[in-house]
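I have opened a fresh page for a structure I am meeting for the first time. Come and look over my shoulder while I jot down what I find.

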Amino acid sequence: MDTAAAPERLRAAGLKVTAPRTAVLETLSSPGHLDAESVYERVRQTLPTTSLQAVYGVLAALAGAGLVRRIEPAGSPALYEGRTGDNHHHLVCTKCHTIADVDCVVGEPPCLEPGDARGFAIHTAEVTFWGLCADCRSEPAA
């Protein structure tokens with residue numbers, strides 16, 4: 001995560017600095033994965049007139065500029081995070097839906113390079129590991 005101030009990061013990405021963009025980028029500067037409605041609820045605390053639609057637009061602009069990352073785990077709404085540029089992957093608990101970052105596995109299974117790239121120049125591999133988190137594993141069976 002870039003530690004530069006949000007307005008500076010917006011300018012560096014070629015985006016106009018606006019209050020909603022700054023607020024969304026600051027909201028996603030903390031570790032974690034938030035859906036658009038959670039981002040909206042946090043942004044509304046400082047910008048009460050901001051609409052959910054505006055937040056969706058800002059998220060799209062920030063993701064397009066590479067300032068935030070959008071992930072879409074199966075069965076979940078799109079989630080956004082501020083950790084970008086390192087091709088990390090995700091662990092998802094199939095019970096409580098907790099999501100955690102995991103650094104890229106280099107040269108180990110699962111396969112990170114396709115057997116036949118069909119002419120594509122691969123720049124990112126998205127891997128989602130599914131299982132039970134430590135808390136869910138320690139709960140007694142129902």
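At what angle do helix α2 and helix α4 pack, and how far apart are their axes? I should say early that I am working with a predicted model. In that model, I looked up α2, residues 19–27, and α4, residues 52–64, and found an angle of about 70°. Their axes lie 10 Å apart. Angles from 65 to 115 degrees count as roughly perpendicular, so I noted α2 as roughly perpendicular to α4.

Next entry: the residues at this contact. From α2, I listed P20, R21, V24 and L25. On the α4 side, they meet V55, V58, L59, A61 and L62. I then sorted the contact by class and got 8 nonpolar residues, 1 charged residue and no polar ones.

Then I stepped back to the whole chain. How many helices and strands does the chain have? I wrote down 5 helices and 6 strands. Reading from the N terminus, I get the order α-α-β-α-α-β-β-β-β-β-α.

I also wanted the dimensions. Along the principal axes, the C-alpha atoms fill a box of roughly 50 × 45 × 25 Å. For the accessible surface of the chain I noted about 8900 Å², with 52% of it belonging to carbon and sulfur atoms.

Last entry: burial and contacts. The chain has 142 residues, and 30% of them count as buried. Taking the contacts with a separation of 6 or more, I found that residues 24 or more positions apart account for 45%.

Note on methods. Residues numbered from 1 in each chain as written. Predicted model: local features only at pLDDT ≥ 70, side-chain atom pairs only at ≥ 80, totals over all residues. Heavy atoms only, no water. Axes fitted to C-alpha atoms, helices over the stretch in contact; angles between N-to-C directions. Helix = DSSP H or I, 4+ residues; strand = E, 2+ residues; numbered from the N terminus. Parallel < 35°, antiparallel > 145°, perpendicular 65-115°, else oblique. Contact = heavy atoms within 4.5 Å. Nonpolar A, V, L, I, M, F, W, Y, C, P; charged D, E, K, R; others polar. Buried < 20%, exposed > 50% of the residue type's maximum accessible area, 1.4 Å probe, protein only. Areas by Shrake-Rupley, 256 points an atom, 1.4 Å probe, with all protein chains shown as cover.
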